[in-house]
Amino acid sequence: MASKGGRSSESVKVIVRCRPLNSTEEANGNYRIVEMDGKSGSVTLNRPGSAAEEPKVFSFDRVYDWDSEQAVLFAESAAGIVDSVLQGFNGTIFAYGQTGTGKSHTMEGKESPEELRGVIPRAFHHIFDAITAVANPNKEFLVRASYLEIYNEDVRDLLAKNANQKLELKENQDSGVYVKDLTSYVVKSVRECDKLREFGHKNRKTGATLMNQDSSRSHAIFTVTVEQCETMSDGHASIRMGKLNMVDLAGSERQSKTGATGERLKEATRINLSLSALGNCISALVDGKSSHIPYRDSKLTRMLQDSLGGNTKTVMIANMGPADYNYDETLSTLRYANRAKNIQNKPKINEDPKDAMLREFQEEIARLRDQVARGGGGGSG
């Protein structure tokens, strides 16, 4: 385990998930061109109408086919990241892929039946179950949540009263890139997290296209920050803080397939530009030649800067469709994911962070105790 004194590098974990053929594809006579082997972690892609061409084979950390279950994916590929956050690491789980391939299903899912819940609601349960199970009376936790979207390159707070207000990205040496004035709520239960997610989801930009009736028109990031303070035997308080970013990216689009016009086309252009910037950062990180990584080319890449090559444990979930008419898009997704496997991050436990809210609470309690000891009172109540 990496510690404050030194960092060990680890690769971004990449998993691939393929949805089943949908009813429209089946009605149109489309067929599956993807084969997946869960044991070996391989994906085989066959070019339609070209039996003579060798299939393209890719290998990943894990692969999940059209019969895969939400609970299995979370347990095998996401729970470990959440556990790391509870130890004080930063973690990021993000879903990438063509529009209509199941990214929001993977990350959000449906509230009921329970087996359809996605990564985000399952992470809430995992965090609070773990906190409840801690038997150490000298350890206390504080959990905070925020929810934002990047829409047409504007950052918007999905939990604010005015969700259309544009927020600024800032950067400092201690906390890296952050969003100025982003709302952050202290949460004490799974239900409180769910309420914030439901509220923010209603504010998120979605719209219908030919590829997806409820297409995400923005990149969304739900962040859960877990602070923990342990009072040691010598009375010293040790604070750790882990941050979990759960990212549902808008899907890459081809206008000829989505039928996007007007505002939808403008949205798609912005989405594709930011995803292209993300691809450029991934390429620069793994080609071994680039001295400059173009994180500043988009708001998305700036916000994911620590998740790609920085102080974070990262899992990328590449979602794809199985149908023959999406061969080019599926091949592009697999190549994108294949590059991401080679990104090296350097995660470390965040010990005694300056911006921990628990520290502020402790200092305030100490100040009030000092006031009382000196007979200052500090209030009439």
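Visitor: Hi! How much accessible surface does the protein chain have?
Guide: The accessible surface of the protein chain comes to about 18,400 Å², and 46% of that belongs to carbon and sulfur atoms. Accessible areas here come from the Shrake-Rupley method with a 1.4 Å probe, and for residues only the protein chains shown count as cover. This is a predicted model, where local features need pLDDT of at least 70 and side-chain atom pairs count only at pLDDT 80 or more, while totals for chains, interfaces and linings use all residues. Residues are numbered from 1 along each chain as its sequence is written, and side-chain values use heavy atoms, leaving out hydrogens and water.

Visitor: Thanks! How many helices and strands are there?
Guide: The protein chain has 10 helices and 19 strands. Both are DSSP runs numbered from the N terminus: helices are H or I with at least four residues, and strands are E with at least two.

Visitor: And what share of the residues is buried?
Guide: Of the 381 residues in the protein chain, 47% count as buried. Buried means under 20% relative accessible area, exposed means over 50%, and partly exposed lies in between (1.4 Å probe, protein chains only).

Visitor: Let's pick a strand. How many residues of strand 7 are buried?
Guide: Strand 7, residues 91-97, is mostly covered, with 7 of its 7 residues buried. On one side those are G91, I93, A95 and G97, and on the other T92, F94 and Y96.

Visitor: Which strands does strand 7 pair with?
Guide: Strand 7 is joined to strand 17 (residues 237-248) by 5 bridges, running parallel. Strand 7 also pairs with strand 18 (residues 313-320), in the parallel sense over 7 bridges. Two strands pair if DSSP finds at least two bridges between them.

Visitor: Which residue is the bridge partner of A95 in strand 17?
Guide: That partner is D248. Towards strand 18, I93 stands opposite V315.

Visitor: New topic: in what order do strands 3, 4 and 5 sit in their sheet?
Guide: These 3 strands form an open sheet in the order 3-4-5, with antiparallel pairing. Strand 3 (34-37) and strand 5 (56-59) are at the edges with a single partner strand each, so one side of each has no neighbour in the sheet. On average, neighbouring strands of this sheet are turned by 15° against each other, direction ignored.

Visitor: Which helix packs on the sheet?
Guide: Helix 9 (residues 327-340) does, touching strand 3, strand 4 and strand 5, and its direction makes about 35° with that of strand 5. For such angles, axes are lines fitted to C-alpha atoms, for helices over the stretch in contact, and angles run from 0 to 180 degrees between N-to-C directions. Among the buried residues of helix 9 are Y327, L331 and A340.

Visitor: Back to strand 4: is T44 buried or exposed?
Guide: T44, found in strand 4, is buried, with a relative accessible area of 15%. Leaving aside residues up to four places away in sequence, T44 touches I33, V34, E35, P55, K56 and V57. Contact means heavy atoms within 4.5 Å.

Visitor: Last one: which residues of helix 5 are buried?
Guide: In helix 5, V190, C193, D194, L196, R197 and G200 are buried. They cover an arc of only 160° around the axis, which puts them on the same side of helix 5. The arc is that of the directions from the helix axis to the C-beta atoms. The buried residues of helix 5 pack against helix 4 (119-133), strand 8 (139-151), strand 13 (185-187) and strand 16 (219-231).
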